[in-house]
Amino acid sequence: MENKMLERINELAAKKREQGLTDEEQTEQKKLYAAYLKDIRSQFSSTLDNVSVKGKSGKVVPFKEAYKKKSDTPDTK
């Protein structure tokens, strides 16, 4: 994420606390927050791609494969 985008998010947050935002600024803030969250989620997903889980049996599987469903566990068999 660009520094300018983060600076603008912080500027709008400060202005919102101090005096409130115009309708245009509120729209801009929502768009910036959406872009920020998309970036964070993408980074988190990329991190999980590099994480492995070692089960009780010693089998190592990628995290995303091991936890595709909440009810599944790494060593269900």
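Helices here are DSSP runs of at least four residues, numbered from the N terminus. The model is a predicted one, and in it Arg8 and Glu11 both sit in helix 1, three residues apart, so about one helical turn separates them. Their side chains meet in a salt bridge, with 3.2 Å from N to O. Neither end is hidden away: Arg8 is partly exposed at 27% relative accessible area, and Glu11 is partly exposed at 45%.

Arg8 also has a partner in helix 2. The side chain of Glu28 meets that of Arg8 in a salt bridge of 2.9 Å, N to O. Since Glu28 lies in helix 2 and Arg8 in helix 1, this pair ties together parts that are 20 residues apart in sequence. Glu28 is partly exposed too, at 28%.

A further link between these helices comes from Glu25 and Lys15, whose side chains meet at 2.6 Å, N to O, in a salt bridge. With Glu25 in helix 2 and Lys15 in helix 1, the parts tied together are 10 residues apart in sequence. Glu25 counts as buried because its relative accessibility is 13%, under the 20% cut-off, while Lys15 is partly exposed at 23%. Through shared partners, salt bridges join Arg8, Glu11 and Glu28 into one network. The full count comes to four salt bridges.

Now for helix 2 itself, which covers residues 23-49. Its 27 residues should span 39 Å at 1.5 Å a residue, and the end C-alpha atoms are indeed 39 Å apart, so the two values agree. Its buried residues are Glu25, Gln29, Leu32 and Leu48, and these pack against helix 1 (3-18) and helix 3 (63-66).

Note on methods
Residues numbered from 1 in each chain as written. Predicted model: local features only at pLDDT ≥ 70, side-chain atom pairs only at ≥ 80, totals over all residues. Heavy atoms only, no water. Helix = DSSP H or I, 4+ residues; strand = E, 2+ residues; numbered from the N terminus. Expected span 1.5 Å × (residues − 1). Buried < 20%, exposed > 50% of the residue type's maximum accessible area, 1.4 Å probe, protein only. Contact = heavy atoms within 4.5 Å.
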